[in-house]
Amino acid sequence: MKTDDFKKDVSLAVKGDAQAFSRIYALVYEEMYRTAFFSLRNEHDAADAVSETVLDAFSSIKKLRSEDAFRSWIFKILMAKIKRKQHEYANAPSDISEPEYEKVLQDEFKFENIELAQAMYRLDDEERMILSMSVLSGYTGDEIAKICGIKSSTVRSKLMRTKEKLRNYINA
């Protein structure tokens, strides 16, 4: 979709056009799901987080002030959903199942190396979120900082340390 078409659809969505909202959502769904999946390590919870995000975004899109801000705005909503779910994990009994990386990586993302999935599991929630937003979704450090509400320099240093951790986990 061209930039002008995207902005037009965002503008229409802000005015209540459900089909326009559907078109712009379709452009970000995969990266939202990947970010949620690698942050939450569970395909059902990831799908739930994305669904809740879409419902909230659709019901509040009239508050969006700039067509250019749509992606960061919807990801900010997604990050809040992910953090809430992670908080639920922390307070839940310890019967949380093993992560589903292997199945999803083989079926959907076609990664050759399962060691990457296992290394991702060893990262903490924030590290997985920043890494997935950067590597899988292509966000810059400044964009991630804005979405997550942290300093750009913090994002860059955490991303660098996280990548080094992954290298060490995989090479161990």
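Leu64 is buried, with just 10% relative accessible area, in this predicted model. Its place is in the loop between α3 and α4. Setting aside neighbours within four places in sequence, the residues in contact with Leu64 are Val10, Val14, Ala69, Phe70 and Trp73. Val10 sits 54 residues away along the chain, yet its C-alpha atom and that of Leu64 are separated by 9.1 Å. Two of these contact partners, Phe70 and Trp73, turn up again in an aromatic cluster that also takes in Phe6, Phe21 and Phe58.

Stepping back to the overall fold, the protein chain has 9 helices and 0 strands. Read from the N terminus, the elements simply go α-α-α-α-α-α-α-α-α. Of the 172 residues, 40% count as buried. Among contacts in the chain with a separation of 6 or more, 66% are between residues 24 or more positions apart. On the outside, the chain exposes about 9,800 Å², and carbon and sulfur atoms supply 49% of that area.

Now for the aromatic side chains. A search of the whole structure turns up 9 aromatic pairs. Phe21 and Phe58 make one of them: the ring centres are 5.1 Å apart and the planes stand at 70 degrees, so the pair is edge-to-face. Phe21 belongs to helix α2 (residues 18-40) and Phe58 to helix α3 (residues 43-60), so the pair ties together parts that are 37 residues apart in sequence. The two partners are covered to differing degrees: Phe21 counts as buried at 5% relative accessibility, whereas Phe58 is partly exposed at 41%. Another edge-to-face pair joins Phe75 and Tyr139, with 4.8 Å centre to centre and 65 degrees between the planes. Here Phe75 comes from helix α4 (residues 70-91) and Tyr139 from the loop between α7 (125-136) and α8 (141-148), so this pair ties together parts that are 64 residues apart in sequence. Phe75 is buried, at 0% relative accessibility, and Tyr139 is buried too, at 5%. A ring also features in a contact with a charge: the charged end of Arg122 sits over the ring of Tyr169, 3.9 Å from the ring centre.

The Phe21–Phe58 pair is part of a longer list of residues where α2 and α3 meet. The axes of these two helices come within 9 Å and cross at roughly 145 degrees, and the crossing of α2 past α3 is right-handed. On the α2 side, the residues involved are Ala18, Phe21, Tyr25, Tyr29, Met32, Tyr33, Ala36, Phe37 and Leu40. They meet an α3 set that includes Glu43, Asp45, Val50, Thr53, Val54 and Phe58, along with alanines such as Ala46, Ala47, Ala49 and Ala57. Between the two helices is a loop that holds Arg41. The phi angle of Arg41 is near 65 degrees, a positive value in a residue other than glycine.

Helix α4 also reaches this region, through Leu78. Leu78 is buried, with a relative accessible area of 0%. Leaving out neighbours within four places in sequence, Leu78 is in contact with Met32, Thr35, Ala36, Ala49, Val50 and Thr53. Several of those partners, including Met32, Ala36, Ala49, Val50 and Thr53, are also among the residues through which α2 and α3 meet. Thr53 is 25 residues from Leu78 in sequence, while the C-alpha atoms of the two are 5.4 Å apart in space.

Towards the other end of the chain, Lys163 lies in helix α9 (residues 152-171). This lysine is partly exposed, with 35% relative accessible area. Once neighbours within four places in sequence are left aside, Lys163 is in contact with Leu131 and Val135. The C-alpha atoms of Lys163 and Leu131 are separated by 7.8 Å, although the two residues are 32 positions apart along the chain.

Methods. Residues numbered from 1 in each chain as written. Predicted model: local features only at pLDDT ≥ 70, side-chain atom pairs only at ≥ 80, totals over all residues. Heavy atoms only, no water. Phe/Tyr/Trp six-rings, centres within 6.5 Å; stacked < 30°, edge-to-face > 60°. Helix = DSSP H or I, 4+ residues; strand = E, 2+ residues; numbered from the N terminus. Buried < 20%, exposed > 50% of the residue type's maximum accessible area, 1.4 Å probe, protein only. Lys NZ or Arg CZ within 6 Å of the ring centre and 35° of its normal. Contact = heavy atoms within 4.5 Å. Areas by Shrake-Rupley, 256 points an atom, 1.4 Å probe, with all protein chains shown as cover. Axes fitted to C-alpha atoms, helices over the stretch in contact; angles between N-to-C directions. Left-handed = near helix turned anticlockwise from the far one by under 90°.
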